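These are my notebook entries from going through one model. I kept them in the order in which I looked things up.

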Amino acid sequence: MNRFTLKLFATLRERAHAAELVRDFPDGTTVEEIWRQLVGEFPALGGHHDSVGFAVNQEYVEGDFKPHQGDEIAFIPPVSGGVSASRIGRITIGREPIDVAALEREVADPAAGAIVSFTGTTRRDNAGRIVLRLEYEAYDPMALSEMRKLASEAIQRWKIVRIAIAHRVGVVEIGETSVAIAVSAAHRGEAFEACRFAIDRLKEVVPIWKKEHFEGGEVWIGCQTSHPPALE
């Protein structure tokens, strides 16, 4: 069993009549499972109409995150002036292949007349080198937090319905997808603009690095928009 400190804010705190709780859960329990058990303990939480966000040790996480002994878990209603979490689909980082079709289904909505997706794949040639594969590494908690921020910014700047983002880490072979973004909107123009913004911003601020393995060597590329010097 693991003991966690659970923190509730604003409407959640009022509905549970508690700002902080200490509870024990079995190993491997996800934050979403902890939330569901809290709703069982405090049925009034089930009446919260907005999506609830999860944070562990002051970093946003997805519902499938598994906290560790002693972690602080916060359940967060949408912040004042923020974007409803229901408009942000899955934001993930993982080693498994990205299912782009599933990401597009994630953003599908009756209010959307257009779905635009971007898929970044590993190409064979770069800077005069024959690329064998790429290898990605991420600072996961911060990367997920920054991806959510850019998704929120896209929603605020364009009238989009929903956005979802997935990024691979580990080895990505030639032709495989390393990053995918899906955006839905009532009209295609805003979906295109928001999708382009999201991938450009991701490459600027999200702490993900890649190592390029090529014939004759390898090199880390700290900024994803940069490239190793061309062969002489």
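**Entry 1: Trp-220 and its patch.** I began with Trp-220, which I found in strand β14, residues 217-221. The model is predicted, so I read every value here as computed. Trp-220 counts as partly exposed, at 40% relative accessibility. I then looked up which residues accompany Trp-220 in a nonpolar surface patch. They are Tyr-139, Met-142 and Trp-209, and the four together have about 390 Å² of accessible area.

I followed Trp-209 next. It sits in strand β13, residues 208-214, and is partly exposed with a relative accessible area of 32%. Trp-209 and Tyr-139 are 70 residues apart along the chain, yet I read a separation of 9.0 Å between their C-alpha atoms.

**Entry 2: the chain as a whole.** I noted five helices and 14 strands in the protein chain. Of its 232 residues, 45% are buried. The chain exposes about 12,200 Å², and carbon and sulfur atoms supply 49% of that area. I also checked contacts between residues at least 6 apart in sequence: 69% of them join residues at least 24 apart.

**Entry 3: the five-stranded sheet.** I traced an open sheet with mixed pairing, in the order β2-β1-β5-β3-β4. β2 and β4 (59-61) are at the edges with a single partner strand each, so each has one side without a neighbour in the sheet. On average, neighbouring strands of this sheet are turned by 35 degrees against each other, direction ignored.

How do β3 and β4 pair, parallel or antiparallel? Strand β3, residues 53-56, pairs with β4 in the antiparallel sense over three bridges. I picked out Phe-54, whose bridge partner in β4 is Val-61. Helix α2 packs on this sheet and touches β1 (2-8), β2, β3, β4 and β5 (72-76). The direction of α2 makes about 65 degrees with that of β5.

I stayed with α2 for one residue. Glu-33 has its place in this helix, which covers residues 31-41. Glu-33 is partly exposed, with a relative accessible area of 32%. Between Glu-33 and Gly-63 I noted 30 residues in sequence and 8.0 Å in space, C-alpha to C-alpha.

**Entry 4: the four-stranded sheet.** The order here is β6-β10-β12-β7, again in an open sheet with mixed pairing. β6 (88-94) and β7 (114-121) are the edge strands, each pairing on one side only. The average turn between neighbouring strands of this sheet is 5 degrees, direction ignored.

β6 pairs with strand β10, residues 160-168, in the parallel sense over five bridges. Within that pairing I looked up Ile-91 and found Ile-165 as its bridge partner in β10. Helix α3, residues 100-107, packs on the sheet and touches β6, β7, β10 and β12 (177-185). Its direction makes about 25 degrees with that of β12. Helix α5, residues 188-205, also packs on the sheet, with β7, β10 and β12 as the strands it touches. The angle between the directions of α5 and β12 is about 145 degrees.

**Entry 5: salt bridges.** How many salt bridges are there in the whole structure? The search finds 14. I went through three of the pairs.

- Arg-3 and Asp-24 form one, with the closest N and O atoms 2.8 Å apart. Arg-3 lies in strand β1 and Asp-24 in strand β2, so the pair ties together parts 21 residues apart in sequence. Both are partly exposed, Arg-3 at 47% and Asp-24 at 35%.
- Glu-153 and Arg-157 meet at 3.6 Å, N to O. They are four residues apart in helix α4 (residues 140-157), which means that about one helical turn separates them. Glu-153 is partly exposed at 29%, and so is Arg-157 at 49%.
- Arg-201 pairs with Glu-204, the closest N and O atoms being 3.1 Å apart. They are three residues apart in helix α5, again about one helical turn. Arg-201 is partly exposed at 30%, whereas Glu-204 counts as exposed at 56%.

I also noted a network in which salt bridges with shared partners join Arg-90, Glu-106 and Arg-162.

**Entry 6: a backbone angle.** Most residues other than glycine have a negative phi. His-17 has a positive one, near 55 degrees. I placed His-17 in the loop between α1 (10-16) and β2 (20-25). Is His-17 buried or exposed? His-17 is exposed, with a relative accessible area of 74%.

Note on methods:
Residues numbered from 1 in each chain as written. Predicted model: local features only at pLDDT ≥ 70, side-chain atom pairs only at ≥ 80, totals over all residues. Heavy atoms only, no water. Helix = DSSP H or I, 4+ residues; strand = E, 2+ residues; numbered from the N terminus. Buried < 20%, exposed > 50% of the residue type's maximum accessible area, 1.4 Å probe, protein only. Patch = residues over 30% accessible without salt bridge, like charges linked within 9 Å, V, L, I, M, F, W, Y side chains within 5 Å. Areas by Shrake-Rupley, 256 points an atom, 1.4 Å probe, with all protein chains shown as cover. Salt bridge = Lys/Arg side-chain N within 4 Å of Asp/Glu carboxyl O. Contact = heavy atoms within 4.5 Å. Pairing = 2+ DSSP bridges. Axes fitted to C-alpha atoms, helices over the stretch in contact; angles between N-to-C directions.
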